[in-house]
Amino acid sequence: MTTTYTSRYIALGLGISTAAAGLCFFLYRKWRENDTDEGFSELRDGEPLPKRILVLGLDGSGKSSLLTCLSGECASATPRPTEGFNVVSIQSSTPVSMDIWEIGGGESIRKYWPNFIQDTEVLVFVIDSANKARFSEAYTEMHKLLGEPRLVDKPFVVVASKQDLQGAAKRDEIKEALGLEDVKHHRVKIIEATLTASSTNHITDIKDLLISL
Ligand SMILES: Nc1nc2c(ncn2[C@@H]2O[C@H](COP(=O)(O)OP(=O)(O)OP(=O)(O)O)[C@@H](O)[C@H]2O)c(=O)[nH]1
Ligand SMILES: [Mg+2]
């Protein structure tokens with residue numbers, strides 16, 4: 001599938017508390033709903049509203065890097081840890097446009113993740129494939145999320161980042177480490193990725209997958 005994209009990167013890596021970020025998110029949703037009682041996926045001015053994609057995962061897993069890559073070019077500089085959220089809006093040549101949200105993955109921020117779940121249409125979970133010592137922590141956080149009633153039946157994409165690093169786990173190992181065979185009520189896709197400027201791959205595949213789900 002060939003698709004062209006334009007994107008708007010609204011970097012709101014807030015230095016203030018993520019609770020305030022949650023409030024911003026609520027207000028943003030209200031704004032996108034255009035003051036109507038219609039659902040988030042309804043039409044606005046005759047156009048479908050952007051598909052809402054939520055990107056979560058442990059700190060340092062590669063979420064900001066993924067957003068940067070999706071927004072155009074992967075960053076050559078190291079991203080700063082996200083203290084609030086980042087959002088990138090992608091317009092494609094298909095009728096589907098996407099708002100892709102990342103919430104910081106630090107331990108103190110994870111408790112705010114549920115504030116951002118409402119209206120999510122696709123959940124993306126990023127895992128650092130090379131950091132096997134944190135696989136069990138990732139398993140715990142991922143399964144907590146999948147127990148969230150608002151995410152039942154939503155497509156679920158695991159991005160296995162840092163494939164360029166030596167010893168990075170491949171799809172099958174990630175599948176087993178995260179217990180993906182046991183995931184019910186979700187269509188699960190795993191995609192291996194490298195998210196650095198020097199060696200990027202699978203970004204177009206990820207975009208096309210997110211559009212198609
Ligand atoms: N080698 C390599 N490094 C990567 C890759 N993806 C991300 N990184 C690096 O991993 C580090 C963390 O990446 P981020 O994108 O900031 O991780 P994050 O998940 O957004 O982290 P938080 O915002 O703290 O939750 C950075 O130094 C990135 O440059 C990859 O595919 N390969
Ligand atoms: Mg980040």
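The largest nonpolar core of this predicted model has 42 residues, and those touching the most other members are Ile 53, Val 55, Ile 100, Trp 101, Val 124, Val 158 and Val 159. Two or more residues each come from β4 (51–57), α2, β5 (85–92), β6 (97–103), β7, α4, β8 (156–161) and α6 (203–212). Of these elements, β7 gives the most, with 6 residues. As general background, nonpolar side chains in soluble globular proteins tend to be buried together.

Allow me to take one member of the core in detail. Which residues does Trp 101 contact, once its neighbours within four places in sequence are left aside? They are Ile 53, Leu 54, Val 55, Phe 85, Val 87 and Phe 116.

I turn next to helix α4, which also gives residues to the core. Helix α4 runs from residue 135 to 146 and has 12 residues. From first C-alpha to last, α4 reaches 16 Å, close to the 16 Å expected at 1.5 Å a residue. Its buried residues are Ala 138, Glu 141, Met 142 and Leu 146. Seen down the axis of α4, the buried residues fall within an arc of 135°, so they line one face of the helix. The general rule here is that an α-helix has 3.6 residues a turn, so residues three or four places apart point the same way. On the other side of α4, Ser 136, Glu 137, Thr 140 and Lys 144 are exposed. The cover over the buried residues of α4 includes α3 (107–110) and β7 (122–128).

The surroundings of ligand 1 come next. The shell around ligand 1 holds 23 residues, and the closest are Gly 62, Ser 64, Pro 81, Thr 82 and Gly 105. Two elements, α2 (63–70) and β10 (194–195), give two or more residues to this shell. The most comes from α2, with 3 residues; α2 is also among the elements that give two or more residues to the core. By class, the shell divides into 5 nonpolar, 14 polar and 4 charged residues.

Finally, I would draw attention to two backbone angles. Asp 119, in the loop between α3 and β7, has a phi near 70°, a positive value in a residue other than glycine. Lys 162, in the loop between β8 and α5 (171–177), likewise has a positive phi, of about 65°, although it is not a glycine. Is each of these residues buried, exposed or partly exposed? Asp 119 is partly exposed, because 17 other C-beta atoms lie within 10 Å. Lys 162 is buried, because 24 other C-beta atoms lie within 10 Å, and the cut-off for burial is 20 or more.

Definitions and conventions:
Residues are numbered from 1 along each chain as its sequence is written. Chains are lettered from A and ligands numbered from 1 in the order in which they are written. This is a predicted model: local features need pLDDT of at least 70, side-chain atom pairs count only at pLDDT 80 or more; totals for chains, interfaces and linings use all residues. Helices (H or I, at least four residues) and strands (E, at least two) are DSSP runs, numbered from the N terminus. The expected span of a helix is 1.5 Å times one less than its number of residues. A residue is buried if 20 or more other C-beta atoms lie within 10 Å of its own, exposed if 12 or fewer, and partly exposed in between; C-beta atoms are placed from the backbone. The arc is that of the directions from the helix axis to the C-beta atoms. Two residues are in contact if their C-beta atoms, placed from the backbone, lie within 7 Å. A residue is near a molecule or strand if its C-beta atom, placed from the backbone, lies within 6 Å of it. Ala, Val, Leu, Ile, Met, Phe, Trp, Tyr, Cys and Pro count as nonpolar, Asp, Glu, Lys and Arg as charged, and the others, Gly among them, as polar. A nonpolar core is a set of buried Ala, Val, Leu, Ile, Met, Phe, Trp, Tyr and Cys residues joined through C-beta atoms within 7 Å.
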